[in-house]
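I opened the structure today to look up its salt bridges. My notes follow.

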Amino acid sequence: MNYALALSGGGVRGYAHIGVIRFLEEKGLRPRIITGSSAGAIIGAVYAYIHDPSRIEEEALRIGASTILDPAISLKGNAITRGEKLSRLLKSLLPRSFKDLDIKLIVTATKLRPVENEYFSSGDLPRKVLASSAYPFVFPPVRIGRGEYIDGGLTSPLPLYMLPDMPIIAVNVFGRDEFFMEERGLLTYIESLFYAPQKRIYELEKMEKHKLVEIKPRVTAKHTFDFSMKKEIMRSGYIAAKRMYKEIERTLYS
């Protein structure tokens, strides 16, 4: 189908992407291009490779905090984990290269020194998805070439700017104003610091796209790494996509 699927970051809230993908597959709406930041890069890459929502769900339900978080031996570095568990997980789920995918995939990451957004669509797939999902202070920066990269969601939380003029289904789980008013805790506080600039960046990117449907699942996770409600979060994505189906049809077929 000639449309792009854009998947935002949002940590464990990215499980909602899987529910959206299931609904779209049921309707025969497989995208021509997928873009993703952070959690959206992970889910997008797995979808571009596996296609089958049931298999994606099966793999996703095996993942928890202990699967991806390996505490750093020393706190003198720039992250509280070593990032090795997440790296191994991505290598187990994904092929070596973007060229091994059946759907074109674009993932974004934030380059350090100077700080700028970059996007990748070729080369070492697990490494570039790892860079896109290297959440600040939790995972260490990822070296690619001469540069170091962290979470793409910081500079393009729901990547649209690199897409050509075509219909877009954008799935936004990177935050909601009411979420940060309702929830408390250190991780929520850190995430809220990023949210205001992320929201502004996304609004600017969205202004340039005239054939766009935004799906905003109502997600119940308390913070970025709250894996306690994975099934409910996936279900919220499915429900949100179903609710927007008429708008999806109008956008894709008009």
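**Salt bridge notes**

I started with line-ups of charged side chains, and E59 came up early. I find E59 partly exposed, at a relative accessible area of 25%. The model is predicted, so I keep to computed values here.

Entry: the count. I asked how many salt bridges the rule gives. The count comes to 11 salt bridges.

Entry: R62 and E59. I looked up the distance between these side chains. R62 and E59 meet in a salt bridge at 3.5 Å, N to O. That falls inside the cut-off, which is within 4 Å. I then checked R62 for exposure. R62 has a relative accessible area of 55%. R62 counts as exposed because the class begins over 50%. E59, at 25%, is partly exposed because that value lies between 20% and 50%.

Entry: R30 and E25. I went to this pair next. The side chains of R30 and E25 form a salt bridge, 2.9 Å from N to O. I noted R30 as partly exposed, with 33% relative accessibility.

Entry: R250 and E247. Which helix holds this pair? I found both residues in helix α10, residues 245–253. Their side chains meet in a salt bridge of 2.7 Å, N to O. R250 and E247 are 3 residues apart in the helix, so about one helical turn separates them. E247 is partly exposed, with a relative accessible area of 30%.

Entry: networks. I looked for salt bridges that share partners. Such bridges join E58, E59 and R62 into one network. The R62 and E59 contact noted above is a salt bridge between two of these residues.

Terms used
Residues numbered from 1 in each chain as written. Predicted model: local features only at pLDDT ≥ 70, side-chain atom pairs only at ≥ 80, totals over all residues. Heavy atoms only, no water. Buried < 20%, exposed > 50% of the residue type's maximum accessible area, 1.4 Å probe, protein only. Helix = DSSP H or I, 4+ residues; strand = E, 2+ residues; numbered from the N terminus.
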